[in-house]
Amino acid sequence: MAPGSNRDQIAGMGAVDLARRLIGATLLVRGAGGTIIETEAYARDDPASHSFRGPTARNASMFGPAGHAYVYRSYGIHLCLNVVARPGEAVLIRALDPTTGIQAMATRRNSAMLCNGPGRLTQALGIRPEDDGAPFDGTDLSITLSGDRPDLLVGPRIGISRAQDLPWRFGLAGAKGLSRPFPPHPG
DNA sequence: CTAGCGATTGTCT
DNA sequence: GACAATCGCTAGG
């Protein structure tokens, strides 16, 4: 199958399932990218989600087709990249293991830390505000799901002030370059 | 190593 | 007018 042709599989998935499924997938943005190693799920009736209060101009993409991008500005400075799941649900991409177009990413970021954080990776990949709503269809953006199901790390989401108890942050076990360590599993 | 804080701007109350 | 799904710098142990 062609790269970026996973939108049919993504359609109908909930954000939590998709967040788990995207660990180990390959993300490419105009020829640069790598393996997704950290994600977070945001659901429809989720106080921490931008979709919680219903559709607005800003979060319209979250209510659009699955397998498209939701790009928003964070703290007035950084952009963050999400993959839309079911209506009102999306998965925040928090970290990549860079594999392709590393030189271009290093040029866009003046740092050795290329993709270990949601704001850093959008800068490294050259994500623009106009990418909001764009499909992951292999044109500019593509996602190729992995065949295997690697061991996952699970923990609470980062940087939110509501629903902090939900374990909706996922990471690739053993990966280097996570935006933050995962807390030790209780027990 | 961890903790604190300023930058900067669109969106919602 | 408050606040935000962050980052990078500085100070201190």
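# Two DNA strands and the protein around them

Modeller: A base oxygen of DNA strand B is 2.4 Å from a polar backbone atom of Tyr 75. This is a predicted model, in which local features need pLDDT of at least 70, side-chain atom pairs count only at pLDDT 80 or more, and totals for chains, interfaces and linings use all residues. Residues are numbered from 1 along each chain as its sequence is written, chains are lettered from A and ligands numbered from 1 in the order in which they are written, and side-chain values use heavy atoms, with hydrogens and water left out.

Biologist: Thanks! Why is the pair at Tyr 75 called a polar contact?

Modeller: A polar contact is a pair of N or O atoms within 3.5 Å; within protein, one must be able to donate a hydrogen and the other to accept it, and residues adjacent in sequence count only if both atoms are side-chain atoms. The Tyr 75 pair is at 2.4 Å, so it qualifies. A phosphate oxygen of DNA strand B also lies 2.6 Å from a side-chain N or O atom of Thr 56.

Biologist: Which residues surround DNA strand B?

Modeller: They are Arg 53, Thr 56, Arg 58, Tyr 75, Gly 76 and Ile 77; a residue is near a strand if one of its heavy atoms lies within 4 Å of it.

Biologist: And what makes 2 of them charged?

Modeller: Asp, Glu, Lys and Arg count as charged, Ala, Val, Leu, Ile, Met, Phe, Trp, Tyr, Cys and Pro as nonpolar, and the others, Gly among them, as polar. Arg 53 and Arg 58 are in the set, so they are the charged ones.

Biologist: Lovely. How do you know that His 78 has a polar contact with DNA strand C?

Modeller: An N or O atom in the His 78 side chain is 2.8 Å from a base oxygen of DNA strand C, so the pair meets the cut-off. Asn 82 has a polar side-chain atom 2.5 Å from a base nitrogen of that strand, while His 50 has a side-chain N or O atom 3.0 Å from a phosphate oxygen.

Biologist: Turning to the interior, what makes a set of residues a nonpolar core?

Modeller: Its members are buried (under 20% relative accessible area, exposed being over 50% and partly exposed in between, with a 1.4 Å probe and protein chains only). They are Ala, Val, Leu, Ile, Met, Phe, Trp, Tyr and Cys residues joined through side-chain atoms within 4.5 Å. The largest has 44 residues, and Leu 22, Leu 27 and Leu 125 have the most contacts inside it. Apart from it lies another core of 11 residues, including Tyr 72 and Val 84.
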